[in-house]
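Biologist: Hello! This protein is new to me, so please start with the overall picture and then take me in for a close look at one part.

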Amino acid sequence: MNNPTPAGDLPVHPASARVPEKTSAAERPGGPVTPAGEIRDRMILMSILGALLGLIAAVVAFCLYRLIELITNLVFFQHWAFGQTIITTQHVGWLIFVIPAIGGIIIGLMAKYGTPKIRGHGIPEAMEAVLFNESKIEPRVAVLKPVSAAIAIGTGGPFGAEGPIIQTGGAIGSILGQWLKLTSNERKTLLAAGAGAGMAATFSTPIAGVILAVELLLFEYKPRSFIPLVIATTLATTARFLLLGPGAMFNVGSPNFGVENATLVYPWYILLGILCGLVAVGFSKSLYWVEDLYEKLPVSELWWPAIGGVGLGIIGYFVPRVLGVGYETISQILNDRLTLTVLILVVLAKPLALLVSLGSGTSGGLLAPMFMTGAGFGCLFAHVVNHFVPGLHLSPSACALVAMAAFFGSAARAPFTFIVFVFELTRNYDAVLPLMLVVAVAEVVTLIFMRNSTIMTEKLIRRGRLVNQDYEADVFRRIMVKQVMDASPVTLPAKMKVAELSARITKSDPTLGRHPAYMLVDDEGRLSGIITRQDLVRAFERDPEGNSTLLEAGTANPAVTHPDELVGDALDRMLASGCGRLPVVTRAEPGRVIGYFGRSAVLNARMHAR
């Protein structure tokens with residue numbers, strides 16, 4: 001029998017009603033309760049895969065850093081060597097105008113003939129895969145993204161390696177899930193675990209890696225995803241110690257955060273938070289404005305990274321510190337070891353170089369350059385305030401740290417991640433209160449001026465992909481069916497004729513007006529089926545006399561829900577069954593109808609939560 005969705009009841013979107021490629025018992029709406037043994041086995045499997053991803057992410061980070069170092073030494077110093085070096089222009093002279101452009105040409109060719117997903121800083125692509133592509137990432141991304149990033153950074157690109165490492169870790173997790181034919185939820189967990197492990201392996205910040213994955217990729221907090229994620233970041237950090245050495249990426253001393261003089265210092269922290277939020281908004285809008293300018297160029301996008309490379313070369317010629325990853329420069333800023341002149345140049349030139357180059361669609365990460373800009377801005381803020389208020393003694397290092405977290409945290413709408421990130425860097429409990437204050441204030445500012453977008457989601461929004469980053473519990477997972485169902489459902493004899501029901505509807509029987517579907521019961525009052533008004537129309541099309549019974553015209557043995565089930569589970573069952581309403585029956589007496597669950601019940605559930 002057909003069971004169409006009547007007009008006026010809950011519609012079922014075709015894409016939502018299709019059968020997933022593979023579902024476990026835990027994911028089958030309306031299916032049997034998942035046995036404890038299966039839950040345990042899946043959790044053990046996901047934990048093992050999370051551990052594997054953690055180790056792989058550390059190896060990826062190690063290899064990418066070594067590749068960047070090798071390319072940098074070959075290009076700028078003409079010798080085969082590994083090891084971090086601060087890029088200078090002395091060995092290349094006027095070629096500095098050409099080198100980034102050559103790197104840009106290579107990136108353009110890789111994007112055109114390899115995959116365009118290597119463009120940008122990587123995290124928006126990982127978010128898109130999770131939210132819109134069932135956590136599927138092409139294998140070529142896992143190879144071409146780190147290679148393209150190494151070429152871009154090694155030829156002077158002002159980027160960090162962490163974004164590509166995060167995207168590569170997520171890609172490997174996705175590929176592993178596809179290869180093992182895991183469910184979409186399990187693939188999402190592995191993608192997020194790979195990404196979180198990538199951040200942990202980069203900065204030696206396992207807790208921040210976990211929170212980053214939750215805030216930007218998972219959008220949930222459940223044991224099924226949290227446990228593999230924690231295992232992945234823990235092993236990634238441990239493996240990083242073995243490959244890249246212990247300790248954090250940046251060397252940070254013990255700055256004075258002024259907690260003992262809170263009444264004097266904290267108002268200035270609030271001002272710093274406001275300024276960081278404004279700078280974050282300005283930078284985010286500027287990045288996409290520059291991207292729009294490139295799109296207006298009368299040349300193929302193949303050449304855009306090369307054009308951006310020329311602009312980068314010009315900036316780098318005058319301020320070489322903007323070239324490359326710049327971790328050493330960040331450490332110097334965080335410890336207030338740059339002269340005021342150099343500090344001002346870095347604060348102005350680094351974001352300009354980043355806008356010109358990243359806006360062209362080349363490959364590279366945002367974290368390191370935004371860290372440098374934010375830290376430099378905070379350090380400069382402290383020096384300016386101390387100049388005009390000499391007795392305040394605001395710590396430039398402390399302001400650099402909190403501004404670094406506030407700048408990126410507010411731009412990406414991931415404040416908690418970067419509060420924890422800086423705390424893990426400093427291991428200083430005195431940093432917590434200023435960090436929370438500055439980051440929260442900056443977040444408020446960005447919410448005012450960028451309500452529905454962030455530096456991570458703007459690209460997706462422009463593609464018509466709306467992303468809600470508000471972290472809240474699903475209202476349909478907090479309310480049971482019995483709280484919102486119609487407890488006085490209309491039941492009709494299954495043997496009643498279609499013509500008789502039609503006559504009652506024509507006479508405007510008040511008992512039949514509440515819902516577009518009616519429960520059918522047998523002679524003993526047990527549920528036999530369900531019939532909708534559309535079923536009646538079809539029945540009259542087949543038999544104008546209406547001599548068929550309601551059960552013949554409707555649907556026998558319909559899907560049901562129970563009063564103690566969550567509304568979310570009932571909605572899942574409606575989608576799986578392709579219907580817009582469910583009879584509510586008791587577990588003790590499965591045939592006894594005690595309620596009707598339809599569109600109005602769903603709306604009532606949301607209203608109840610509000």
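Among contacts in the protein between residues at least 6 apart in sequence, what percentage join residues at least 24 apart? After that, please take me to helix α17: which of its residues are buried?

Modeller: Welcome! One thing to keep in mind throughout is that this is a predicted model. To your opening question: 76% of the contacts between residues at least 6 apart in sequence join residues at least 24 apart.

Here is the setting for your helix. The protein contains 24 helices and 6 strands, and its C-alpha atoms fill a box of roughly 95 × 60 × 50 Å along the principal axes. There are 610 residues, 56% of which count as buried. About 26000 Å² is exposed, with carbon and sulfur atoms supplying 63% of that area. As for charge, the protein has 49 positive and 44 negative charges, and the mean positions of the two sets lie 3 Å apart.

Now to helix α17, which runs over residues 432–449. From first C-alpha to last, the 18 residues of α17 reach 26 Å, close to the 26 Å expected at 1.5 Å a residue. The buried residues of α17 are Val432, Pro434, Leu435, Val438, Val439, Val441, Ala442, Glu443, Val445 and Thr446. Notice that a glutamate, Glu443, is on that list. What covers these buried residues? The cover includes α10 (262–295), α15 (396–412) and α16 (415–426).

Another helix makes a handy companion to α17. Helix α9 covers residues 223–244, and its 22 residues should span 32 Å at 1.5 Å a residue; the end C-alpha atoms are 30 Å apart, which agrees. Among the buried residues of α9 are Pro228, Leu229, Ala232, Ala236 and Arg240. Just after α9 comes glycine 245, with a positive phi of about 100°.

Since Glu443 in α17 is buried, let me also show you glutamate 128, which sits in helix α4 (residues 123–132). Glutamate 128 counts as buried because its relative accessibility is 6%, under the 20% cut-off. Leaving aside residues up to four places away in sequence, glutamate 128 touches Lys117, Asn133, Leu460, Arg463 and Arg465. Arginine 514, 386 residues away along the chain, has its C-alpha atom 41 Å from that of glutamate 128.

Conventions
Residues numbered from 1 in each chain as written. Predicted model: local features only at pLDDT ≥ 70, side-chain atom pairs only at ≥ 80, totals over all residues. Heavy atoms only, no water. Helix = DSSP H or I, 4+ residues; strand = E, 2+ residues; numbered from the N terminus. Buried < 20%, exposed > 50% of the residue type's maximum accessible area, 1.4 Å probe, protein only. Contact = heavy atoms within 4.5 Å. Areas by Shrake-Rupley, 256 points an atom, 1.4 Å probe, with all protein chains shown as cover. Lys, Arg positive; Asp, Glu negative; His and termini not counted. Charge placed at Lys NZ, Arg CZ, Asp CG, Glu CD. Expected span 1.5 Å × (residues − 1).
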